[in-house]
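Welcome, and please take a look at the fold below before reading on. The report starts with the sheet, moves to the helices, and ends with the aromatic rings.

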Amino acid sequence: MMNEYQTLSAYYDRLMPQTDFEARADYLLALFARFGETPHSVLDLACGTGKMTKTLAERGFDMTGVDGSEEMLAEAADKVSGFTPEVLLLKQDMRALDLRDTVDGAICLQDSLNHLLKTADLQAVFDRLRLFVAPDGLVLFDMNTPFKHREILGNNDFILEADGLVCNWQNLYTEKTATVDMQLDFFEEQPDGCYVRTTDFVRERAYTLRTIKQILEKAEFELCAVFADGTFEAPADECERWMLVAKNRRPANEFTE
């Protein structure tokens, strides 16, 4: 997995397409309810700058946020400072997840799992989630689809703009591995009117549903449903992002680390 977001973290909230986090939280809670779960403690895996962590904490959930980027977690810490109960933020590689206790459920959003480039890495994440999500607890996670990598991201370029900030986003698609290499060049205006350029590199891989299901089954998760993200509808062939619901089938009497 590449060392990503060292620069992007400072600009992420300004440049990325704006998400209605209240509506997103409503959707996640509806998904939990649809499968009979009402979690109290929730893990936000790859929490990024903490917007969803904050939104769910404000609704009374006992939140734990985990991210591998120190820069992202610094942004998240500013958002959740002073919350009661305290929001626990941990800097960890998701492949080596190690929580103080089990959680009732978990979420992993914003195609974070696509940043894992090897099947073994994705397997490692769910092997760890198996230990720290309560038996019969749900993991809700979204993933960019192979269609999106091939047709939408592909070899395309994008321009993102905010006040005093421009990002030139260039993609390189590799069909054999379904990966997209992204070069993000940021140009930030300075007080004297000049612009300073910084660059980040990001790589994502798209996985097939068959591979995802195999990984889940090996980790003793049941794939309960796959929806077109933001809906309760089955995904069409041209769906750009899936929302997947997995249930931890680990026996309740099994030893937990």
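## The sheet

In this predicted model, 7 strands make up an open sheet with mixed pairing, in the order β3-β2-β1-β4-β5-β11-β10. The edges belong to β3 (88–91) and β10, each with a single partner strand, so one side of each has no neighbour in the sheet. On average, neighbouring strands here are turned by 15° against each other, direction ignored.

Strand β5 (residues 133–144) pairs with strand β11 (residues 241–248) in the antiparallel sense over 7 bridges. Here you can find Asn144 opposite Arg241 in β11.

## Helices on the sheet

Helix α2 (residues 21–34) lies across β4 (103–108), β5, β10 and β11, and runs at about 135° to β5. Helix α4 (residues 70–80) also packs on the sheet, where it touches β2 (62–67) and β3, and its direction makes about 170° with that of β3.

## Aromatic pairs

The model holds 5 aromatic pairs. One of them joins Phe126 and Phe221 edge-to-face, at 5.8 Å centre to centre and 75° between the planes. Phe126 lies in helix α5 (residues 119–132) and Phe221 in strand β10 (residues 221–228), so this pair ties together parts that are 95 residues apart in sequence. Both Phe126 and Phe221 are buried.

Phe227 and Phe232 have ring centres 5.7 Å apart and planes at 80°, so this pair is edge-to-face. Is Phe227 buried or exposed? Phe227 is buried, at 7% relative accessible area, while Phe232 counts as partly exposed at 32%. Together with Tyr27, Phe227 and Phe232 form one aromatic cluster.

Notes: Residues are numbered from 1 along each chain as its sequence is written. This is a predicted model: local features need pLDDT of at least 70, side-chain atom pairs count only at pLDDT 80 or more; totals for chains, interfaces and linings use all residues. Side-chain values use heavy atoms; hydrogens and water are left out. Rings of Phe, Tyr and Trp (its six-membered ring) pair if their centres lie within 6.5 Å; planes under 30 degrees apart count as stacked, over 60 as edge-to-face and the rest as tilted. Helices (H or I, at least four residues) and strands (E, at least two) are DSSP runs, numbered from the N terminus. Buried means under 20% relative accessible area, exposed over 50%, partly exposed in between (1.4 Å probe, protein chains only). Two strands pair if DSSP finds at least two bridges between them. Axes are lines fitted to C-alpha atoms, for helices over the stretch in contact, and angles run from 0 to 180 degrees between N-to-C directions. Contact means heavy atoms within 4.5 Å.
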